[in-house]
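Student: I would like a close look at one part of this protein, namely its aromatic rings and how they pair. Please take that part slowly, and then connect it to whatever surrounds it.

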Amino acid sequence: FTLIVGTLVQSGRTLFVDSYYTSINLARTLYTVFGMFLVGTYSPRDAKPKGPDSFPWRKLKTADLKLVNRGWLRRCTKVFTDLVSGVKRQVEVQCMLWKDTKLVGFITTAWIGGLSMAAKVPRSVGGKIKQLIVDSHEAISNYVSNYGAVDRADRGIADYSTAFQCSRWHMRVFFWLLDATLWNVWVIAKFRFEAEGGDASFDDYNGKYRISGRYRFQLDLANAMIEYAKEGALAEVNGDVKGVKWLHQRQQNKKKQDLHVDSDDDAGHVLVSVVVNQEP
């Protein structure tokens, strides 16, 4: 986090997040400490708001929600004074309720304002190709334009997940963290090599093999990490393979497969024989 945010401090950049991360405390901290703005969705709750750091409205009842049109908006602004390194800093946090197909909450420190920040957003209508233009707020329209990175990350993690079925809950957490780390490594690697004008070693993943590039990148990364672990383990035992239990067993159980291509048969099929030899 420090490595990524370190170059963005006091830069006035805007962070778009989904409801899992959004809170008034996060919005205040990002602005007062890092100088960053936040725009995020929030899921209104049925419980009564508690304290100044709570979202100011309850979730509307279904009957009340039917009385308002799509594009209906309610907003309020809170001003907080936070002490950062002995200096008082004020931050305006705006909370909004907006009706799309369902009720959505927003918390933002960017594009603060009322009628002066009115905007329009295209929204889908079930069963129709033509989109509906809906009234909204400038913060909402910018969120709609930029939130796609969250969906791309979810899709990328789901398509190349390392997880498998397991009844242990902590393993699910571990695999989620591993998948999220691999996705971020892939995104950073792509950004770095594309920003530097490309690299021959990365073209295999991002060039003509674009469809399977992420899959091949993940496999090669796994093999590289295994080799790195082998080198480190052998260095600790002065190169004695028997001193590394998992490596010694792996070499003993290793099987060597040799593919021999024979001549074609009468039907034109290529005959392939597989010879498996057990090493002593």
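Tutor: Searching the whole structure, which is a predicted model, turns up 11 aromatic pairs. One of them joins Y20 and Y21, whose ring centres are 5.1 Å apart and whose planes make an angle of 80°, an edge-to-face arrangement. That label follows because planes over 60 degrees apart count as edge-to-face. The two partners can also be described by their accessibility: Y20 has a relative accessible area of 71% and is exposed, while Y21, with a relative accessible area of 45%, is partly exposed.

Another pair is formed by Y31 and F37, with 5.6 Å between the ring centres and 50° between the planes, so this pair is tilted. The angle falls in the tilted class because it is neither under 30 degrees, as stacked rings require, nor over 60, as edge-to-face rings require. Y31 is partly exposed at a relative accessible area of 22%, and F37 is likewise partly exposed, its relative accessibility being 24%. Both residues take that label because partly exposed covers the range between under 20%, which is buried, and over 50%, which is exposed. Ring pairs also build a cluster, which links F16, W98, F106, W111 and Y143.

The tyrosines of the edge-to-face pair lead on to the surface. Y20 and Y21, together with W169, V173, W176 and L177, make a nonpolar surface patch of about 800 Å². L177 belongs to helix 6, which covers residues 169-195, and has a relative accessible area of 45%, which makes L177 partly exposed. L177 can take part in such a patch because its relative accessible area is over the 30% that patch residues need.

Two buried residues offer a contrast to this surface. R28 sits in helix 2, which runs over residues 24-34, and with 15% relative accessibility R28 counts as buried. The side chain of R28 is in polar contact with the side chain of D53, at 2.8 Å. Once neighbours within four places in sequence are left aside, the contacts of R28 are D53, F80, D82, V91 and V93, so that D53 appears both in this list and as the polar partner.

The other buried residue is S141, in helix 4 (residues 138-146), with a relative accessibility of 13%. Its side chain comes to 2.9 Å from the backbone oxygen of E138. Not counting residues up to four places away in sequence, S141 touches A119, K120, V121 and S136. V121, one of these, is 20 residues from S141 in sequence, and the two C-alpha atoms are 5.8 Å apart in space.

These parts can be set against the protein as a whole. Its secondary structure consists of nine helices and nine strands, and 28% of its 280 residues count as buried. Among contacts with a separation of 6 or more, 46% are between residues 24 or more positions apart. The accessible surface comes to about 19600 Å², and carbon and sulfur atoms account for 54% of that area.

How values were computed. Residues are numbered from 1 along each chain as its sequence is written. This is a predicted model: local features need pLDDT of at least 70, side-chain atom pairs count only at pLDDT 80 or more; totals for chains, interfaces and linings use all residues. Side-chain values use heavy atoms; hydrogens and water are left out. Patches are made of residues with over 30% relative accessible area and no salt bridge: like charges are joined within 9 Å, nonpolar side chains (Val, Leu, Ile, Met, Phe, Trp, Tyr) within 5 Å. Accessible areas come from the Shrake-Rupley method with a 1.4 Å probe; for residues, only the protein chains shown count as cover. A salt bridge is a side-chain nitrogen of Lys or Arg within 4 Å of a carboxyl oxygen of Asp or Glu. Helices (H or I, at least four residues) and strands (E, at least two) are DSSP runs, numbered from the N terminus. Buried means under 20% relative accessible area, exposed over 50%, partly exposed in between (1.4 Å probe, protein chains only). A polar contact is a pair of N or O atoms within 3.5 Å; within protein, one must be able to donate a hydrogen and the other to accept it, and residues adjacent in sequence count only if both atoms are side-chain atoms. Contact means heavy atoms within 4.5 Å. Rings of Phe, Tyr and Trp (its six-membered ring) pair if their centres lie within 6.5 Å; planes under 30 degrees apart count as stacked, over 60 as edge-to-face and the rest as tilted.
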